[in-house]
Each structure stands twice: as C-alpha cells, then as structure tokens.
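This report walks through a protein model for a reader at the bench, moving from strands to a pocket, then to aromatic rings and backbone details.

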Amino acid sequence: MRLSLLLPLLRPAAPVAVGVSLGLTLSLLSAGWGQAPCGPRAARRPAPAPAPRAGPAPAGQPPPAAAWEPRVLPARPAAPARAAGKAVRTRYISTELGIRQRLFVGVLTSKSTLNTLAVAVNRTLGHRLERLVYFTGTRGRKVPHGMTVVTHGDERPIWNMYQTIKYMLDHYVGDFDWFYLVQDDTYTEAHRVSRLVAHLSIDTLLYLGRPEEFIGGDTEGRYCYGGFGYLLSRSLLLRLQPHLENCRNDILSARPDEWLGRCIIDYTAINCMEEHEGLRYQYFELGKNMDPERESDPRFQSAFTAHPVLDPVQMYRLHKHFAQVELERTYQEIQQLQLEIQNTSSLSADGDHGATWPVGITPPFQPKTRFEVLRWDYFTEEQLYSCVDGSPKCELRGVDMADVVDVVAMAMEELNRKYQPVLHIRKQQLVNGYRRFDPTRGMEYTLDLQVEVVTQKGHSRSVVKRVHLVRPLSEVEIIPMPYVTEASRINVILPLTAHDRDHASHFLEAYAAAAFESRENAVLTFLFIYDPFEAQQVAQNDVFAPVKARIAEYERKYAEVKIPWISVKTDAPSQIKVMDIISKKHPVDTLFFVASVDTEVTTDFLNRCRMNTINSWQVFFPIHFQGYNPAIAYHNQAPPAALDLMRDAGRFDRDIFHEACFYNADYMAARTRMAGDVQENEDILETLDIYDMFIKYSSLHVFRAMEPALLQRYRQRVCNPRLSEEIYHRCMQSNLEGLGSRSQLAMVLFEQEQGNST
C-alpha cells in the first residue's frame, strides 16, 4: 500500500536518476582509460622537490620543474590589419553573370551598294534587332547616318569574308550567342529570325541555312548559300577560331560562302543544315517582276529571307507586305489570348467578373482613400476644362486636339465594325468627353457621342451612344545613353549682384555643410557683378567687401578649400554675357552648375547634376522647390526653421530657369551657332537666357525636371525689364504665384474682408 503511494511521486524523478547514473558511469570509464595504471608509488605522498642544480640538465632529460625561471617578453605591437582590397565589380550585372545577347547580324555590302541597298536593309531591319553591323571592302567618304560600317580595305571577296569572321571573333564573340550573316540584296524578316534563334540551344554546333553542293574539288558535304543568309552558333565560331588562319592560306575558292563552308567542314566536320530539331530555315527565291501583294506561294508567306532584291523600292515593298502579315498574326494571337483569359477567369473565385475590360490589360487602379482617387478631365471638341496653368477652361489645341480627334475617330471605327452591315453609323457631334490617366494601365476615355444610325433600308435615327476606350501604356523601351559617373568634378558658379550680397552668407553656410565638410568634389566660384558706378567706388567702398571677408573666413576654417572669385563690370548682367567670361577661363570638359544666391545646395542634387548632364548629349535645367511667403503660408504662426517639401509650404517654380547644369564644350558649341545672329542684333545677348540659347541654337536634349533636393526660401525677385518680354513675364509670374497657395490667399482675403466689415 505504501509502495503504491510512493510510485506516483518517484515516477517523475526516475529519468533524472537514470541520467545521473549513466553520466557517472561514463565519466568513470573515460577516466580509467585516459590515466596511467596505478602502482604502489602512486599512493604515496610526493617527495619534496630537490634543490635546483647549477649545471645544465643531462642531455635527453627535461630540466626539473624548479629549473624553469620566468622571463618577461617585450610587448610587440600587433601588425596593423591590411585593408581588404576593394572588390572590382563589372559595369553591368549581365557581364558578371555571363549573360550574353541573343543575335548579332552582319550585313555583307560593297562600295557600290552601301548607300542604296544597305540603307534599305538598315531602315527595314536596324530598329528590330539588337546589333547590326555592315561589312564592306571599301567605301566612299560619306557614311550613311545611323549605320555601323566596318571597312576591310580590300575588295577581294575571300579576304573580306575572312576579315569579317575575324572581326566578329575579336569584338563580338563574347557578347552574343548567335551570328547571322546576310547579303545586302536579301530581305530578312527580323521577327521570324529572332523567334528561330530563341528556340535554339546556345551550346549547339550549328551551321544553318540553305544547303548547296560544292562545285568541283574533293570536299564532301554541303555549304550554306550566302544569298539567303546563314546562322552560325557561337560554339561553332569558337571551335573554328584557331584554324581560321589555316583556312585563309590553304583553301582556294571563288565564292566567299563556299570558302567559309569548306573551312567549317574541314576543321569542325559540321555541314550546312536546313532543319534542326524540327525547326526549319525557310527561304524564298524571288522571280523577276514579282509582286509581293499577289504572291500566293505558301513558301513566300512563311519565308525568313527573300533573295534576290534588285533595288530599294522592292525592299520596301517586301517589308510592307511582311509587316502586314506579322501585324495580322499579332492580332490573332491577342484574340486567342483574350479568349483563353475569359475561359480561364470563369473558373476563378470571382467567376466571369475576374477578367476586367479590356481583356489582357491591367485592371483599373483601385484607390484606398479619397486622396488617391484619380481625376477625370472634361472636354469637348473645342474646349478643355482642365488646363496646365490652372485656368478653368482653355482652347483645345496641339497634342490635346490630336488626341481627342484620334479617339473619336477610333470610337466611330469600332462602332461601325461592331454593327455593320446591319447598321451604318455616322458621327454628328461629341456631346461629352472625359479622360483620365491611370498610371497602372494608360489613358482612359468615356465619350458621349451623338450619332446617326442608318439601317439597310435607309431609315435613320439620331441617338446618343456612350463608349469607353483605353489607350494602354506600350512596352517600355530602354533608350541607350552614354555612360556617366558621380565622380565628375562640378564647378559651381554663383553670379552675385549688389542686390543679392546680403543673402550670400546664408548660401555659404548651406554650401559649406553640403560640400566643404563632406569634401565634395566641387569648386565654388563667385562672380561679383559691379555696375559702372559701383566699379568706380571699389577702392573706397567695395560693395562686396563683406562677402569677400566671409570667403576668407571659410578658407581659414577649411584649409584645403579655395574659393576663387571674379569681378565683372556691366550695366546689363545677362546670363549669357556673364557665362562668356566664365567659359573662357575653364577647359572645354568642365561641368558647370550655375546657381542662384537663394539656392540651398545639397549633396544629392550635386550627384543628380552629374548624372543628368551628359557631354555632347544632354543639358539639365532643374525645377527648384520655391517656398511661399511665410507671412501668408504661416499666417499668425511661426515659420519652421527648415523649408519642408510640402504642398502648403511651397511649389515647384516652373517659371524660373536660373539653375543649369551643362558642359563647357556644349555651351561653346551653342554659343558658336549663335554668333551669326549676334552680329545682326547684339541686343540678343541681353534678351535671351542660357535655357533659350540651348533651345534655339543647340541640338542637345534639354532635360527639364522637378528637383526635390533643390530648395529656395521665399524672396521677392527683381525682374529686369531689359530682358525679353517672355523672360520678364515669367519673372513676374513667379513672384505672383510664389506668394502662397490659392487657399492661403483666400484665407488672407477673407480675414481682411472680415476686418473691414467690422
């Protein structure tokens, strides 16, 4: 009975007891194996250690314990750890991952056809493929625009083919998987060749084209006839590369395509093939006076290439026909995909509502709050009720007019396509029009059209029909741009007049925090602009003396910083006149940033100035964020210490073009083009600013964008009436719109009216 009562109490402790017992047992076993066997001497108390002997210990025996003496080692500083070398990364991630482009196309041309057939090939093929290079023996002095032409310097056909293969191996074999060679008298359907290459394995030894038998000789196999083009894999070219010189010396042939075929067969044992893994190389031989619109041969309709093309006109006619065929095929694929989406969406949880209209286009944006609701803009055929300048109504013109006309015409076309031949619909007028831009899918339109509906019997009736249209966003296109870096040095130019001198200290303080303390790769240059009277008094009373003293203070504070300054005397301080002086004192590769005294320069903006300004390509005119008048924006409140990028704190000033980033070479080029007009009218230097000069006298891309890192506090601008009427109007408009927002101005007016009424 007692045992049965104790068992429930002992049961939880049983695993613990077993574990402790097992641990003790294992420790005793390990101690027994690791120690020397115990003898009778081990049980005695150890004898005291003998006194140390003066002599050394016998050879082969360790010294007794008492013979060891402590020795103090001198402290040695640890060797400084070497900084790990900076990892050098490739410019593009595709290079690091070993990703190559798909297809390289080489066009074999000649001096006589470079400006005719080769140009036609470029216009029909160049914008559809990744890389297109033209190879010729010799050429004239003038090269067609937009074409990459490689000249070998000799008209011998075999030599040119050898040099072409060698050039591709030296320059492009590491960047492309497939190489396609074609003559300039051959029309190539780019989409079909690209689809063919997309289905081929990149490690295949492949020589694909139209096979031809060798004429004479003892070479077995077949080569690819050059008239219809042929495809070479990268693996095949790499295997052929070490033997290319032997082919040039040992193989004799009259035709370059036959020579290449013999070389490939002799050293790689690869024959020309017309079909590979179920993929067939389609081609068609053109007859004399052949009309592409009337040709019904199925081989022509499915051909990748067509040869021979006699003149550029025939090349363009072929391109028109094949472009229409590809367009119809694309429309059929779209319709098939739409049917599949509709059939699949019926099986989803939402049923038939799962597929939104239009099928296959991103569904409309769904706002989560009232602040995210997209605005619909109302328009008619003559007026637009949402204007850029904030006016409630403006005339419909320009691109807006073209957009409305195009949308209405498309709506009528789709209505007739839907109801014909039962009904014929004619437009009478646009009653109401609405449009909005959805950033997730494109421009949406809702049109109320008053139309006349005519039946087959001639009866007509006027009705109002509402239609919905979507102009979807097209495929994003990557525009190639020259390489730029954030390591470029910027020369910050600050023109300063006597009216602006009191604000120079604030500019220096903000610039020092952004550039001096972070050791930014930038040089600040002051340009002191004196009028004739101030220049006469400079020895007795220099109006810029306080500014120069502040410059000296910052140079003493930052020993490595030098702030140069230039003095100019003029009664009309125009931007171009001032910049002419600066331009002559700097090299042509200098990157300028023309600032204003109210600008608060930041490191982020300097980096964007470097990235957005491209030599011989693009100039950058940022739109700064202008703060509102604190007396209106913060009415009866203390303004914050720093300007916040908020809607009620200011606005992006689109009317001012004072800040600019450009290279000296681009400025000098535009200024040279302007010289002729300056000789006829010298006043043009005072009526134009740098922005107008680049727009009118330069072919560069003028990039104008909002810059959140470029802030300016509110200050009433002094508008120079000697400048052009447009510039003077922009200055006055900036002053008026910079006072405050409409709601802030309305509140001030309301309080004034309330005060007057009382």
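Two strands count as paired when DSSP finds at least two bridges between them. The model described here is predicted, and the pairing of its strands is a convenient place to begin.

**Strands S17, S18 and S19**

Strand S17, residues 423-438, runs antiparallel to S18 and is joined to it by 14 bridges, and a hairpin of three residues connects S17 to S18. Within this pairing, Tyr 434 stands opposite Thr 446 in S18. On the next step along the chain, S18 and S19 also pair in the antiparallel sense, over 13 bridges, and they form a hairpin with four residues between them, where Gly 458 in the turn has a positive phi of about 100°. Glu 444 has Val 470 as its bridge partner in S19. Strand S18, which covers residues 442-455, has 10 of its 14 residues buried, so it is largely enclosed by the rest of the structure.

**The largest pocket**

The largest pocket holds about 1,400 Å³ of space. It is lined by 34 residues, of which Gln 338, Trp 357, Pro 358, Glu 414 and Val 470 are the closest to its centre. Val 470 is thus a residue to look at twice, being also the bridge partner of Glu 444. Helix H11 (312-345), helix H12 (398-419) and strand S19 (460-472) each supply at least two residues of the lining, and H12 gives the most, with 10 residues. Sorted by class, the lining of this pocket comprises 17 nonpolar, seven polar and 10 charged residues.

**Other strand pairings**

Strands S5, S13 and S12 form, in that order, an open sheet of three strands with mixed pairing. Its edge strands are S5 (187-188) and S12 (283-285), each of which pairs on one side only. S12 runs parallel to strand S13, residues 305-307, with three bridges joining them, and the bridge partner of Phe 284 in S13 is Ala 306.

Elsewhere, strand S23 (residues 591-594) and S27 run antiparallel and are joined by four bridges, with Phe 593 opposite Cys 661 in S27. Along strand S27, residues 660-663, the side chains of Ala 660 and Phe 662 point one way and those of Cys 661 and Tyr 663 the other way, yet all are buried.

**Aromatic rings and charges**

A search of the whole structure finds 36 aromatic pairs. In one of them, Tyr 530 and Phe 544 meet edge-to-face, at 4.9 Å centre to centre and with 90° between the planes. This pair links distant parts of the chain, since Tyr 530 belongs to strand S21 (residues 522-530) whereas Phe 544 lies in the loop between helix H14 (532-536) and helix H15 (545-557), 14 residues apart. Both Tyr 530 and Phe 544 are buried. By contrast in geometry, the ring centres of Tyr 554 and Tyr 558 are 6.4 Å apart and their planes are at 5°, so that pair is stacked; both of these tyrosines are buried.

One aromatic cluster is formed by Phe 592, Phe 621, Phe 657, Phe 662, Tyr 667, Tyr 691 and Phe 694, and Phe 662 is among the buried residues of S27. Charged groups also meet rings: the charged end of Arg 248 sits over the ring of Tyr 162, 5.1 Å from its centre, and the charged end of Arg 435 sits over the ring of Phe 379, 6.0 Å from its centre.

**Backbone details**

Most residues other than glycine have a negative phi, and most peptide bonds are trans. The table lists two cis peptide bonds for inspection against that background.

| Peptide bond | Omega |
|---|---|
| His 307 to Pro 308, cis | near 0° |
| Gln 420 to Pro 421, cis | near 5° |

Pro 308 is found in the loop between S13 and H11, and Pro 421 in the loop between H12 and S17.

Which phi does Ala 269 have? Although Ala 269 is not a glycine, its phi is positive, at about 60°; the residue lies in the loop between helix H9 (256-268) and strand S10 (275-276), and it is exposed, with a relative accessible area of 58%. Ser 616, likewise not a glycine, has a positive phi of about 65°. Ser 616 lies in the loop between helix H17 (603-612) and strand S25 (618-627), and at 54% relative accessibility it counts as exposed.

Notes: Residues numbered from 1 in each chain as written. Predicted model: local features only at pLDDT ≥ 70, side-chain atom pairs only at ≥ 80, totals over all residues. Heavy atoms only, no water. 1 Å grid on protein atoms, 1.4 Å probe; cavity = no way out; pocket = protein on both sides within 12 Å on 5 of 7 lines; lining within 4 Å. Points joined across faces, edges and corners; volume = space filled by probe spheres on them. Nonpolar A, V, L, I, M, F, W, Y, C, P; charged D, E, K, R; others polar. Buried < 20%, exposed > 50% of the residue type's maximum accessible area, 1.4 Å probe, protein only. Phe/Tyr/Trp six-rings, centres within 6.5 Å; stacked < 30°, edge-to-face > 60°. Lys NZ or Arg CZ within 6 Å of the ring centre and 35° of its normal.
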